[in-house]
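Biologist: Hi! Could you walk me through this model? I'd like to start with the cysteines.
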Amino acid sequence: MAKMSIDDLKQIKEKTAKETSLRGGAASIKITVHMGTCGIAAGARDVMNALMDEMAQTDRQDIRVVASGCMGMCSCEPNVTVKKEGEEPIVYQHMTANKMRQVFGRHVLEGEVQTDFALAKM
């Protein structure tokens, strides 16, 4: 194993801090990917990976991404809930990686709810 430098350790620290900040702390936007067994079987991991790719391309610190279990709508999986401060949460159904990229760009960043994919307001 190659010897690590101080710069290598600083890069690891910054990367880890950025990754963990996605899961905790105060935020004005919360995106929940429902990753119960049914969600994972339906493709929730691909949706989460697409979301994390989109998050990596933006420098927004006010967006939190969390994973949760099944919300009881197994026939509509994978489901994603987008909760913006001061607005009702929107649940999206039958999500794919491409749909997730569209929801992130249009709803999360620009504020336009993607009604074609929406299951419900909660």
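Biologist: So how many disulfides does the count come to?
Modeller: The count comes to zero disulfides, where a disulfide is a pair of cysteine sulfur atoms within 2.5 Å. Cys38 is in no disulfide, and its nearest cysteine sulfur, that of Cys74, is 3.5 Å away. Cys76 is in no disulfide either, with the sulfur of Cys74 nearest at 9.1 Å.
Biologist: Before we go on, what kind of model is this?
Modeller: This is a predicted model, in which local features need pLDDT of at least 70 and side-chain atom pairs count only at pLDDT 80 or more, while totals for chains, interfaces and linings use all residues. Residues are numbered from 1 along each chain as its sequence is written, and side-chain values use heavy atoms, leaving out hydrogens and water.
Biologist: Is Cys76 buried or exposed?
Modeller: Cys76 counts as buried, at 9% relative accessibility. Buried means under 20% relative accessible area, exposed over 50%, and partly exposed in between, with a 1.4 Å probe and protein chains only. Cys38 is partly exposed, at 22%.
Biologist: New topic: what does Gln93 touch?
Modeller: Its contacts include Cys76, Lys99 and Phe117, not counting residues up to four places away in sequence; contact means heavy atoms within 4.5 Å. Gln93 is buried too, at 19%.
Biologist: And where is Gln93?
Modeller: Gln93 is in the loop between strand E4 (90-92) and helix H4 (97-109). Helices (H or I, at least four residues) and strands (E, at least two) are DSSP runs, numbered from the N terminus.
Biologist: Which residues of H4 are buried?
Modeller: Met100, Val103, Phe104, Gly105, His107 and Val108. Strand E1 (29-34) and helix H3 (44-57) are among the elements covering them.
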